[in-house]
Structures are given as structure tokens and as C-alpha cells.
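Here are some notes to read alongside the structure shown below. They are written as numbered points, so that each one can be checked in turn against the picture.

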Amino acid sequence: MAGKDDKNMKSLVDVWRRPENALCADCQKPDPDWASYTLGVFICLNCSGIHRNIPNISKVKSLRMDHWDEAQVQFLEQHGNAAAKATYEAHIPIYYYQPTHADCQVLREQWIRAKYERKEFTEPERQLLYSNGLKEGLLWKRGRDNGQFLPRKFLLSERDGCLKYFAKPDEIVDWFNAIRAVQFHYLKVAFPMASDSEIKSRLMQNFLKEGYMEKTGPKGVLSTYNVSSSPPQQKEAFKKRWFTLAHRRLMYFKDPLDAFAKGEVFVGSREHGYSVKQGLPPGTQGSFSWQYGLTIVTPDREYLFTCETESDQQDWVAAFSQVIEQPMTPQEYAIEAYFKLSS
Ligand SMILES: [Zn+2]
């Protein structure tokens, strides 16, 4: 009896040590030490926790601590991460974001559910879910003032790909990938010479940075070359606006629920004359109620903003720096030129 158990343990270790099973099947984390004996995949501890949420699909055990019977070990031998990938990841749309262990729980859980529970990638026609270039939905947004939930209709078209609100985690990820699909199709049409992988690398990686800041109107810009000739003490009101930074687009809205942006700013790269500074230029006139300033310098002008708290200011500076420190692609030069033409 003991001999049979030893043989079974050895078989388990052998299949566990196969190179195909060296990374978690779901998040690529090295050295997975859990496995699903209904799906036949080797996964990390974190992903095993997510698998526990779909017990009708996946049953997990620790490879180190739990007992594995012969049939379960044989099942792992006959399956494994490579076979599972061939089945459950056979038709992943190119724009679909595949999270890793560095990503948040929401993205990882929806990825695992999409793969095994909804089987979204087993057949090619499932891709239509995201890639018809149009996603429409009714989502609920809690009103800021009265605390009521308000229905908001969202339309994402190939012309205007902007996500502002979402409700449940699966909707967040659906919208996230719908936006990537729209971005992908847009870039594909705009830059037919670019390869799919080149375009994929330009798709939105992170959720948007959003929040309130105050900004000056067009006249409130401090001119760097004719300060002395401008009327002294000219006060320009800083207006509170809702900002959304997505990719290199900074859009602002009078109200977060507004469907259309009041305006937008293209945020380029440092090597192309863009920078972000903490604080406002010395001598800035204007009535602003928030004291934590930041300045975005573009080749054409400076944009002045104020934030309510120091941590808001630092978050925004970090978000802009991340965009600015990234070199611009030839495609982004074209987008910048388009922004200049249309502004
Ligand atoms: Zn994992």
C-alpha cells in the first residue's frame, strides 16, 4: 500500500515538474503549488482562491499539503497547463488584456471566470462579444449629492472611446476590454501599416486616472514672454472640473456625469517638449480655492491646475509623469498633429 502511494507521489511530482507547469496557468507566477483536479491546471495560491469561487467548474488542492489519489494524478498527467491553454485560450482577441500576478484582483478574477466559467475564448465567434465596435449599456451611478443611484446609459463607439463609470466587477472588465477593442480597431484603421503586436502595445494598460481639479480658463494662462505687457492684477477664476486621463488624452467635464468633454489636452513626451511640475508658476494671478498646484507644460502653452489635497496633487503628477516619460510612437505624433489642427 505504501509503495503504491509512493509511486503516486512520484507521478505527481513528475507532472508538477514539467516545464509547461512551471508558471501559474492564470497569472504566470512562477512555481505554482496548487492545482485544479477538474480543469487539470497548475496554479498559484492567489489564483486557487479565485478558483474556489467557481466550485462547480474548478476544484483545487494544495500540491504540498493535500492528498492526491491516483485518478486525480492521472487527470493532471493527461491535462496540464499547455493543454488547458490550447482549449481555454484558443481564441483570445488580440486587444483582450491578460492580467498577471501584478494586476488587481478584479482583473484576475474576471480573466479566470471568462476562461473557465464563461468559456469566452474556446470558440472564435465568442469574440464578437467585444469586437463589434459598439458597446451599449445601462449602468448605475450613485449620485454625489443625494446618494441615489442614477441610471446612466453608456455608448462606446469607434469614434469616441471613453469609459467613465461602471458598476459590477464583470462590467468593469467588459468595459475595459471593450475600450481596448475600440482602440485596437481605431488604430488599425488609422495606421494600417502597423503590426498587430505594435498596436496591442499601445492599448490602454491601466484604468483611468480621474478626479476633480481646478483649472484656469484660456485667459488665465500665464504668458511666459509678455507678462509685463499684460494688465496687472488680472484675476481669472479657477473652475472646478472633473478630469479623466486616458492614454495621452486629458479630458475635462463640467460634471462627471456629462456625456461630452468640455475640452481636452494632448499630453506628449518629455523629449517632445512636455513636462509636469508640482506647483504653479511664480506670480500666478487668480482666485483658486485649492492650494496644491500643478503645471503641465506643452510646446504651445502652460496649463495650470490646483488639487484639493496634497495626495491628489501627487497622484496626478505621478500619472502625468508616467505618460510624459514614455517616448511617443510615430502614431502618437500623428495624433498630436491632429489635436493641434482641431484645437
Ligand atoms: Zn496565479
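**Notes on the model**

1. A good place to begin is tryptophan 316, which, once its neighbours within four places in sequence are left aside, is in contact with Lys209, Glu210, Gly211, Tyr212, Met213, Phe243, Leu245, Leu250, Leu294 and Cys307. Please keep in mind throughout that the model is predicted.

2. Tryptophan 316 also belongs to the largest nonpolar core, a set of 23 residues in which Leu250, Leu294, Trp316 and Phe320 touch the most other members. Two or more residues of this core come from each of the strands β7 (238-246), β8 (249-253), β9 (263-266), β11 (292-297) and β12 (302-307), and likewise from the helix α9 (310-325). Which element gives the largest share of this core? It is α9, with six residues.

3. There is also a second core, separate from the one just described, which holds 22 residues, among them Ile43, Trp111, Ile112 and Phe121.

4. Turning to the metal, the zinc ion has as its protein donors the SG atoms of Cys24, Cys27, Cys44 and Cys47, which lie 2.2 to 2.4 Å from the ion. Along the chain these donors follow the spacing C-x2-C-x16-C-x2-C. The angles among the four donor atoms run from 104 to 117°, and the site is tetrahedral; for comparison, the ideal angle for four tetrahedral donors is 109.5 degrees. Of the donors, cysteine 44 and cysteine 47 are both buried.

5. Alanine 22 lies in the loop between α1 (2-16) and β1 (34-36). Is this residue, alanine 22, buried, exposed or partly exposed? Alanine 22 counts as partly exposed because its relative accessible area is 37%, and that value falls between the cut-offs of 20% for buried and 50% for exposed.

6. The surroundings of alanine 22 can be described as well: apart from its neighbours within four places in sequence, it is in contact with Lys29, Pro30, Asp31 and Pro32. Proline 32 is 10 residues away from alanine 22 in sequence, while the distance in space, C-alpha to C-alpha, is 6.8 Å.

7. Finally, for the chain as a whole, the secondary structure comes to 10 helices and 12 strands, and 44% of the 343 residues count as buried. When one takes the contacts between residues at least 6 apart in sequence, 58% of them join residues at least 24 apart. The chain exposes about 18,300 Å², of which carbon and sulfur atoms supply 53%.

Notes: Residues are numbered from 1 along each chain as its sequence is written. This is a predicted model: local features need pLDDT of at least 70, side-chain atom pairs count only at pLDDT 80 or more; totals for chains, interfaces and linings use all residues. Side-chain values use heavy atoms; hydrogens and water are left out. Donors are N, O and S atoms within 2.8 Å of the metal (3.2 Å for Na, K and Ca); water is not among the atoms, so sites may look incomplete. Four donors count as tetrahedral if all angles lie between 85 and 135 degrees; four count as square planar and six as octahedral if opposite donors are over 155 degrees apart and all others between 65 and 115; anything else is irregular. Buried means under 20% relative accessible area, exposed over 50%, partly exposed in between (1.4 Å probe, protein chains only). Helices (H or I, at least four residues) and strands (E, at least two) are DSSP runs, numbered from the N terminus. Contact means heavy atoms within 4.5 Å. Accessible areas come from the Shrake-Rupley method with a 1.4 Å probe; for residues, only the protein chains shown count as cover. A nonpolar core is a set of buried Ala, Val, Leu, Ile, Met, Phe, Trp, Tyr and Cys residues joined through side-chain atoms within 4.5 Å.
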